[in-house]
Amino acid sequence: GVVALLSPALLPAGALMIAAEFPRQRGSRKRILAGALVMGVVAGVGISPWVIRNYLALGAFIPLRSNFGLELAFGNNPLSDGKTFPWGWGSPERRAADDAHPFRNVAEWTRLESMGEAAYMRDKQREALRWMAANPGKALQLTLTRFRLYWFPSADMWPPESSANRLKSTLNSFFGAAALLGLARLAVAGHPRAWLLAAAAIGPSLIYMVTHVDTRYRYPTFGLCVLLSFDLLVAIWGGGVRRFGRTAASGRIADG
């Protein structure tokens, strides 16, 4: 419930964990379902004051946040490049797209106030879905771009005045690649927690694959990505040591 209120993007991780465990734990499926139900009820009770507040203030059932339609529209339009609002830098076309945000555009803010928040967000969502349906190729390309930016961010995702942008890009890209490779290694090796770890690392990224990406969106899972990266490095090192040891031992036997 706390996660749902503070960072709803993390919720898919929990759903994927349950989905990952259900087919594997054949003898415990009833327990998994019961646990998921209990978690759902407790989380629902936890967010209920916020749901009631949204209904009274906005006149609509909005369980968590109202702005999904706006974020979807900003991530899916002719000027979108997959990045989150780089106000103050970026191409003129991208700045023009950002200037359409109601926080910066007086006309859009006036429209939001006149329509009401809930109606405005629904209209933005319909606008985004229409564009995606009319431009499926471009929508797919943007999804692939967002995947790249999330796991392998480019240096221009930080403000120009920020220091060591290229180093930040290199380190973040390294940990992104190593984490994904580490998850693949664990899955191939049949590690009993491979899919739970994959759910925890990848689940929080899913919403950004259809909206837009900023470097801060990886903060909640950055520690896990670093852990997976070092686990991969240790496995590579251990494999090299064992292989070198066997080769050296075979050489000594042959010499003997």
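**Exercises on the nonpolar cores and the N-terminal region**

In this predicted model, the largest nonpolar core holds 20 residues, of which Y150, Y208, V213 and L228 touch the most other members. Such a core is a set of buried Ala, Val, Leu, Ile, Met, Phe, Trp, Tyr and Cys residues joined through side-chain atoms within 4.5 Å. Local features need pLDDT of at least 70, side-chain atom pairs count only at pLDDT 80 or more, and totals for chains, interfaces and linings use all residues. Residues are numbered from 1 along each chain as its sequence is written, and side-chain values use heavy atoms, with hydrogens and water left out.

**Exercise 1.** Determine which elements give two or more residues to the largest core.

*Solution.* Helices here are DSSP runs (H or I, at least four residues), numbered from the N terminus.
- Step 1: the elements are α8 (136-151), α9 (165-188), α10 (194-202) and α11 (219-255).
- Step 2: α10 gives the most, with four residues.
- Step 3: a second, separate core of five residues includes F74, L112, Y120 and M121.

**Exercise 2.** State whether I47 is buried or exposed, and identify what I47 touches.

*Solution.*
- Step 1: I47 lies in helix α3 (residues 29-58).
- Step 2: I47 counts as buried because its relative accessibility is 12%; buried means under 20% relative accessible area, exposed over 50%, and partly exposed in between (1.4 Å probe, protein chains only).
- Step 3: leaving out residues up to four places away in sequence, I47 touches G1, A4, L5, P63 and L64, where contact means heavy atoms within 4.5 Å.
- Step 4: L5, one of these residues, is found in helix α1 and, at 34% relative accessibility, counts as partly exposed.
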